Structure formats: structure tokens, C-alpha cells
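Hi everyone, thanks for making time today. Please have a look at the sequence and the structure on the screen, and then we'll walk through them together.

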Amino acid sequence: MQRIIYKTTDGGVAVIVPTAEWLESHTIEELAEKDVPAGAEFQIVDVSDIPSDRTFRDAWEYTA
């Protein structure tokens, strides 16, 4: 399972979670092209790379 992450304009980190329905007929790369803001760098990462503890989610940092 993969997720798309990118840095938001306010310095936070956005996480896009693809649905099973989307992945039945599209790729995760197509979802990134559709939903990541133009010009924003993004990464496709394994779900295990994203912290499961959301307590300090506002402190997460995106490093490319």
C-alpha cells in the first residue's frame, strides 16, 4: 500500500490516500498528477513510512 506525500504551501505535509476503486482503473502516479498542486514536488511512499501516531502530525516535515 502506498501514499502520496507533498509539502503544502504553509510548510505542512499533505498525505493523499488512494482508494481501492481508483487503483482498479488508474495508477497512483495518475492520482498524483491529478491531485498534487502544479509545481509541487511529491513522493510516493510505502504506508509504513508514514508515522502511525498522529499526535504531532502538524510537526511532520517533508524532505525530498
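Let's start with the hairpin: β1 and β2 form one, with five residues between them. In that turn sits glycine 11, and its phi is positive, about 95°. Keep in mind that everything I describe comes from a predicted model.

How do the two arms of this hairpin pair? β1 and β2 run antiparallel, and four bridges join them. You can find one of the contacts yourselves: lysine 7 has valine 13 in β2 as its bridge partner.

Now let's look at the other neighbour of β1. Strand β1 covers residues 2–7, and its antiparallel pairing with β3 has five bridges. Along this pairing, isoleucine 5 stands opposite glutamine 43 in β3, while isoleucine 4 has isoleucine 44 of β3 as its bridge partner. As a reminder from the textbook, strands of a sheet pair through backbone hydrogen bonds, either parallel or antiparallel.

Putting those pieces together, we get an open sheet of three strands, in the order β2-β1-β3, with antiparallel pairing. Which strands are at the edges? They are β2, residues 13–16, and β3, residues 42–46, and each of them pairs on one side only. From one strand to the next, the twist averages 30°.

On to the helix. Helix α2, residues 28–35, packs on this sheet and touches β1, β2 and β3. The direction of α2 makes about 30° with that of β1.

So what is in the largest nonpolar core? It has nine residues: Ile4, Tyr6, Ala14, Ile16, Trp22, Ile28, Leu31, Ala32 and Val36. Two or more residues come from each of β1, β2 and α2, and α2 gives the most, with three. There is also a second, separate core of six residues, which includes Val13, Val45, Trp60 and Tyr62.

Let's zoom in on one core member, tryptophan 22. Leaving aside residues up to four places away in sequence, tryptophan 22 touches Thr27, Glu30, Leu31 and Lys34.

Last stop: proline 51, in the segment after β3. Is proline 51 buried or exposed? Neither label fits, because its relative accessibility is 42%, and that counts as partly exposed. In sequence, proline 51 and isoleucine 4 are 47 residues apart, and their C-alpha atoms are 14 Å apart in space.

That's my tour, and I'm happy to go back to any part of it.

Key: Residues are numbered from 1 along each chain as its sequence is written. This is a predicted model: local features need pLDDT of at least 70, side-chain atom pairs count only at pLDDT 80 or more; totals for chains, interfaces and linings use all residues. Side-chain values use heavy atoms; hydrogens and water are left out. Two strands pair if DSSP finds at least two bridges between them. Axes are lines fitted to C-alpha atoms, for helices over the stretch in contact, and angles run from 0 to 180 degrees between N-to-C directions. Contact means heavy atoms within 4.5 Å. Buried means under 20% relative accessible area, exposed over 50%, partly exposed in between (1.4 Å probe, protein chains only). A nonpolar core is a set of buried Ala, Val, Leu, Ile, Met, Phe, Trp, Tyr and Cys residues joined through side-chain atoms within 4.5 Å.
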